[in-house]
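Here's a quick walk through some strands and aromatic contacts. Have the structure open while you read.

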Amino acid sequence: MDAEAHRNKDMAKAFRALHVPGRPLVAPNGWNAESAKIIERVGFPAVATSSAAVSACLGWEDGEAAPVEAMLATASGMARAVSVPVTVDFERGYHLPPEELVERFAATGAVGLNIEDSDPATGAIVEISEQVKFLRGVRGAAVAAGLDLVINARTDAFLRRVGTPEEQLANSVERGNRYLDAGADCVYPLGTGEPTTIEKLVQRIDGPLNVARGVQSPLTVAALASLGVARVTFGPSLQRHVYSWFETEALPSLLA
């Protein structure tokens with residue numbers, strides 16, 4: 001095994017071990033190499049990306065509108081800039097088949113991968129068996145390539161408001177457990193911040209749970225820890241907060 005393969009295995013193992021229910025990994029979402037460096041410098045043990053934040057900085061809309069080459073290049077730059085694990089929001093794979101996805105992703109040096117189960121362009125939920133097949137294909141391709149990937153399977157029933165709240169919960173639980181069986185390491189039911197719902201998800205999904213928290217969310221990291229969450233991320237909220245400050249405070253102050 002060469003040095004790069006050893007590094008991948010060690011980094012992925014360390015990253016996976018950070019997902020502890022009740023003592024969650026807090027992974028702020030950066031958008032370029034410099035933001036990744038700042039996140040590491042402050043003391044966080046991992047860096048996440050946000051597809052919306054990265055796309056915005058590249059001049060594209062979210063939803064796989066940005067060229068995949070640009071998204072991979074940003075991920076590569078972020079992974080190269082830090083010594084901690086980097087996990088990438090890769091939407092639904094940018095229409096790449098599993099083998100090509102893994103091959104191209106391996107070159108970035110990142111060890112984590114978010115894959116969502118709704119169509120980024122239309123918002124339509126992908127049929128569960130199709131998503132299971134896709135996740136199993138990504139895991140199988142990674143194993144065949146000797147690459148360890150920490151797969152975070154996002155499920156969008158809450159985000160897309162599929163059915164009643166009870167149906168959204170049931171859908172998220174079923175999909176989460178099916179995705180874990182297909183090779184995912186963590187489940188990310190985006191779109192709910194309601195404590196009782198999060199607690200039910202933790203109880204019914206047989207693996208680590210990732211919850212998104214906004215910058216000004218009333219639900220603190222400590223509160224999420226008490227519910228048994230294993231990973232906390234922030235989506236594009238950090239980048240939007242920084243850029244809002246730049247527009248509304250920093251730049252106007254130069255005209256005073």
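Let's start with strand β4, residues 86–89, in what is a predicted model. Both of its faces are covered: Val 86 and Val 88 are buried on one side, and Thr 87 and Asp 89 are buried on the other. That two-sided pattern is easy to read, because in a regular strand the side chains alternate between the two faces of the sheet.

What does β4 pair with? Strand β3 (residues 47–49) runs parallel to β4 and is joined to it by two bridges. Val 47 has Val 86 in β4 as its bridge partner. Strand β5 (residues 112–116) also pairs with β4 in the parallel sense, this time over three bridges, and Thr 87 stands opposite Gly 112 in β5. Add helix α5 (residues 98–106), and β4, α5 and β5 make a right-handed β-α-β unit.

Then there's an open sheet of three strands, ordered β1-β9-β8, with parallel pairing. Its edge strands are β1 (25–26) and β8 (210–212), each of which pairs on one side only. β8 and strand β9 (residues 231–233) are held in parallel register by three bridges, and Asn 210 has Arg 231 in β9 as its bridge partner.

On to the rings. The count of aromatic pairs comes to three. One of them is Trp 31 with Tyr 243, an edge-to-face pair at 6.2 Å centre to centre with 85 degrees between the planes. Trp 31 lies in the loop between β2 (29–30) and α2 (33–42), while Tyr 243 is in helix α10 (residues 237–254), so this pair ties together parts that are 212 residues apart in sequence.

Another pair is Phe 90 with Tyr 94: the ring centres are 4.9 Å apart and the planes sit at 40 degrees, so it counts as tilted. Phe 90 and Tyr 94 also belong to one aromatic cluster with Phe 105.

How buried or exposed are the residues of these two pairs? Here are the values:

| Residue | Relative accessible area | Class |
|---|---|---|
| Trp 31 | 12% | buried |
| Tyr 243 | 39% | partly exposed |
| Phe 90 | 1% | buried |
| Tyr 94 | 7% | buried |

The cut-off for buried is under 20% relative accessible area, so Trp 31 at 12% falls in that class.

Finally, a charge over a ring: which ring does the charged end of Arg 92 sit over? The ring is that of Phe 134, with the charged end 4.9 Å from its centre.

Terms used:
Residues are numbered from 1 along each chain as its sequence is written. This is a predicted model: local features need pLDDT of at least 70, side-chain atom pairs count only at pLDDT 80 or more; totals for chains, interfaces and linings use all residues. Side-chain values use heavy atoms; hydrogens and water are left out. Buried means under 20% relative accessible area, exposed over 50%, partly exposed in between (1.4 Å probe, protein chains only). Helices (H or I, at least four residues) and strands (E, at least two) are DSSP runs, numbered from the N terminus. Two strands pair if DSSP finds at least two bridges between them. A crossover is right-handed if, with the strands pointing away from the viewer, the path from the first strand over the helix to the second runs clockwise. Rings of Phe, Tyr and Trp (its six-membered ring) pair if their centres lie within 6.5 Å; planes under 30 degrees apart count as stacked, over 60 as edge-to-face and the rest as tilted. A charge sits over a ring if NZ of Lys or CZ of Arg is within 6 Å of the ring centre and within 35 degrees of the ring normal.
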